[in-house]
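New to this one? Have a look at the sequence and the 3D view, then read on for a short tour.

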Amino acid sequence: MSKKIKDKILFWSFLAPALFSFVLVVVVTFFMGVYYSMTDWTAIAGVEPQWVGLKNYMNMFADIAFQYSFIRTFLFTILSCVIINMVALCLAFLVIREIPLKNFYRAGFFIPNLIGGLVLGYIWQFIFKNIVPAIGGLLGIEAIENLLILAYPNLTLFGLIFAFTWQYAGYIMMIYIAALLNVPQELTEASEIDGANFWQKLWNVTFPMIAQAFTITSFLTLVNSFKQFDIIVALTNGGPADIYKGVVVNSTELLAVHIYDVAFKFNNMAQGQAMAIVFFLVLSGFSLAQVYYNKKREVEM
Amino acid sequence: MVQKRRVISISLTALTVLLFLLAMFPFFVVIINSAKESLEIIVNPLSMPKQWSQMWENVKEIWNNPSIRYPSSVMSSAIITIGSLTAISLFSAMAAWMLVRTKSRTSTFLFLLFLSGLIIPFQVVMFPLVELFRIIREVTGIPMLRTYHGIILAYIGFGAPLSVFMFHGFIKSIPLEIEEAATIDGCSKLQTFFCIIVPILKPIFMTIIILNGIWIWNDFLLPSLVLGVGQDIQTIPLAIRAFAGSFLKKWDLIMTAVMMAAIPIVVMFLFVQKHIIKGMVSGSIK
């Protein structure tokens, strides 16, 4: 056997396992998905899907529940992105100081990240339903005692953001800590000598130096908020109901949950698949734009 | 001035402690309430349990619960996680090494193909995946849904893009001379990979195992589709779902189940804490 052929065999045999699984599970299914989204696919074995063109997409944009879900998902994504990053940055500043037990605090803030979204959702459901009223009773504040957080659409959304922040801020904090430790001390000292106050130092020295971390953290929080599924399923299961344009909708049924429900609860697989395609297009457009914008800022500074 | 700084410093430390307690509060809630009976929780979910021995009773009940099947669920979760991690890290390293060391149009194309997988969310491919697994069974007779090999194959496919990307970045920085020296000394390609490259890649292996491990262990959506809720093979999140879905008001047992679900991974964390934090941070920066 010539060396060239031998090299080729070696090349493909090293690539085969990863490539085979990836192509089968992601690439093939992706194209199947694009095709199914333009048919009346039902996922019933033996029923051949019929081509319907863009009908599913047209229906989707006319669907009020979908419009509502879209708006709520944006709201949730932007709020969580801002809140998680702010909390994480504050935590990073707090535990980067030379204080006793700082590693202990860091680990403590990080640990919720190990708890899966589903398990975490049940913990917070219990807290919102039972613990919050109990705290109200303990403090003797009737308003808190009678507060049913999970009964109001907007409060529930904040509840979700709160639970998600609890899970995710510790991880984002770790990324900020790593970035802050890389800021050269001389720079901040030099600015101090030049008479910069705390905020000037933060804004003009520290933030530009950790711009790369901002790109990463905002990408991660953005993508993970947009795709949020597990916490919602366990914490609210889509509820409580809200009214939008005269139609009853589920107030925390964000896109990922909505897609799942359309496909399984309403048995409309093709419609769910079309929504998933739009979900993908929006998410990738959104996140690529974000990375592009932040990268540009990194270079400028 | 010095006085003012000290006041600020002390109050910031106090704030840190306060936030730390706040972050730990949900764990505290879970622990005290898994040592109570249903009624005790309704009366006061904030009180200390009357008898801590109740926790043992609750743990026994969850252990033997027919929808949680704790021992078998932990086992299934472990098989799936360990199987997937071994396969993902080994196969991705092999693929990435070949892609870096072969300069050709095919290899550039394949690398870009893997990269494109990074932006595809699971939601787009999840329904077709179930369909594909059913078709595979129809055509070849090999069952894929509700099997270990089926779900592990799915995890390899979804885990490969990020892992290949990270290995690729790292292998590029390994000088080619090391491999050439090994070849001159008579190493075959296989030997070069396993005896020279794999040991150098150790830190990246750690990062990949940790990032993927936390994801796979806690994942709910993929196993709920590929394995199904309430089937023979169930992971811990599926077990929690099967249980909490049916006993929505039995908070004492739900809290116990939640605690038992969290224990394996938290214990693991306490053992390899340094590696986990380092691995997750370097993973995000790459």
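What follows covers the contact between two chains, a nonpolar core and a hairpin.

Keep in mind that this is a predicted model.

Let's start where chains A and B meet. The contact draws on 69 residues from chain B and 69 residues from chain A. On the chain B side, the top contributor is helix H1 (residues 2–33) of chain B, which supplies 11 residues. Here's how the side of chain B that touches chain A splits up by class:

| Class | Residues on the chain B side |
|---|---|
| Nonpolar | 54 residues |
| Polar | 11 residues |
| Charged | 4 residues |

Next up is the largest nonpolar core, with its 159 residues. The members that touch the most others are Met173(A), Tyr176(A), Ala95(B), Ile240(B) and Val258(B). Helix H7 (residues 153–181) of chain A gives the most to this core, putting in 16 residues. Domain 1 (2–61) and domain 2 (65–246) of chain B both chip in residues, so the core lies between them.

Want to zoom in on one core member? Setting aside neighbours within four places in sequence, Met173(A) is in contact with Ala88(A), Leu91(A), Ala92(A) and Phe109(A).

Last stop: a hairpin in chain A. Strand S1 (residues 241–244) of chain A and strand S2 (residues 247–250) of chain A run antiparallel and are joined by 4 bridges. For instance, Asp242(A) has Val249(A) in S2(A) as its bridge partner. The hairpin of S1(A) and S2(A) has 2 residues between the strands, and Lys245(A) takes a positive phi near 50 degrees there.

Terms used. Residues are numbered from 1 along each chain as its sequence is written. Chains are lettered from A and ligands numbered from 1 in the order in which they are written. This is a predicted model: local features need pLDDT of at least 70, side-chain atom pairs count only at pLDDT 80 or more; totals for chains, interfaces and linings use all residues. Two residues are in contact if their C-beta atoms, placed from the backbone, lie within 7 Å. Ala, Val, Leu, Ile, Met, Phe, Trp, Tyr, Cys and Pro count as nonpolar, Asp, Glu, Lys and Arg as charged, and the others, Gly among them, as polar. A nonpolar core is a set of buried Ala, Val, Leu, Ile, Met, Phe, Trp, Tyr and Cys residues joined through C-beta atoms within 7 Å. A residue is buried if 20 or more other C-beta atoms lie within 10 Å of its own, exposed if 12 or fewer, and partly exposed in between; C-beta atoms are placed from the backbone. Domain bounds come from an automatic or database domain assignment. Two strands pair if DSSP finds at least two bridges between them.
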